[in-house]
Amino acid sequence: MAEPNDADKNHKLIIDVISDNISETAYKDQQTTIFQINDDIEVASQVEGYIGSYYLATIVHPVGAYHYKVKYRTLVNNNETAPLEELVSVYEVRPIPPDIPHEMKIYEIVDVYDNEGWWFGVITRKVEQKYYVYFPTTADTVAYSIDKLRVHQEWSDGNWIVPLLG
């Protein structure tokens, strides 16, 4: 097997730094915002194996000062007869980010729509019309078409922020 060249080493270093940033962000609480009944939101999963994913939902009603009952748009209950409803912490809820249309680039942090939710990772390469995205929380790399990608954004102090690399 050939020794990695400087470009390969540099590529791995960049991916490692971005992956550390993604992993750190995936495990942090969302900034709290007050939501109203019927507001459309995203829920950041804190379940092992799903960390780094966001699911579309609607606020059913607040429960005390620190929780909401939500109804998911894409997830269903155990017997698959109705949308899943569950109690979530205010720290897991954020507004739906705005669309930012632009050309995706290598090393960009993105959200990918897969398995009924948005998962965030980093674009590691592009081959023809497929973008290869590495997910640090699962250590998987998967190819996606552009229609499955969006710019990753973080909700901070009432504003959407596009994270900087490194």
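How many aromatic pairs does the structure hold? This predicted model holds 6 aromatic pairs. The views below take up two of these pairs, along with the nonpolar cores and two ring–charge contacts.

**View A. The pair of Tyr54 and Phe120 is tilted.** The ring centres of Tyr54 and Phe120 lie 6.1 Å apart. Their planes meet at 35°, which falls between the 30 and 60 degree cut-offs and so gives a tilted pair. Tyr54 belongs to strand E2 and Phe120 to strand E7, 66 residues apart, and the pair links these distant parts of the chain. Tyr54 is buried, at 2% relative accessibility. Phe120 is buried too, at 3%.

**View B. Phe135 and Tyr144 form an edge-to-face pair.** Their ring centres are 6.2 Å apart. The planes stand at 90°, hence the edge-to-face label. Both residues are buried.

**View C. Arginine charges sit over tyrosine rings.** The charged end of Arg94 lies over the ring of Tyr54, 3.8 Å from the ring centre. Arg125 places its charged end over Tyr132, 4.0 Å from the centre of that ring.

**View D. The largest nonpolar core has 23 residues.** Ile41, Tyr68, Val70, Val133 and Leu149 have the most contacts inside this core. Strands E1, E2, E3, E6, E7, E8 and E10 each supply at least two of its residues. Another core, of 5 residues, lies apart from it and includes Ala44, Tyr54, Ile109 and Phe120.

**View E. Ile41 and its contacts.** Beyond four places in sequence, Ile41 touches residues including Phe35, Tyr55, Ile59, Val70, Val93 and Ile96. Arg94 is also among its contacts.

Definitions and conventions:
Residues are numbered from 1 along each chain as its sequence is written. This is a predicted model: local features need pLDDT of at least 70, side-chain atom pairs count only at pLDDT 80 or more; totals for chains, interfaces and linings use all residues. Side-chain values use heavy atoms; hydrogens and water are left out. A nonpolar core is a set of buried Ala, Val, Leu, Ile, Met, Phe, Trp, Tyr and Cys residues joined through side-chain atoms within 4.5 Å. Buried means under 20% relative accessible area, exposed over 50%, partly exposed in between (1.4 Å probe, protein chains only). Helices (H or I, at least four residues) and strands (E, at least two) are DSSP runs, numbered from the N terminus. Contact means heavy atoms within 4.5 Å. Rings of Phe, Tyr and Trp (its six-membered ring) pair if their centres lie within 6.5 Å; planes under 30 degrees apart count as stacked, over 60 as edge-to-face and the rest as tilted. A charge sits over a ring if NZ of Lys or CZ of Arg is within 6 Å of the ring centre and within 35 degrees of the ring normal.
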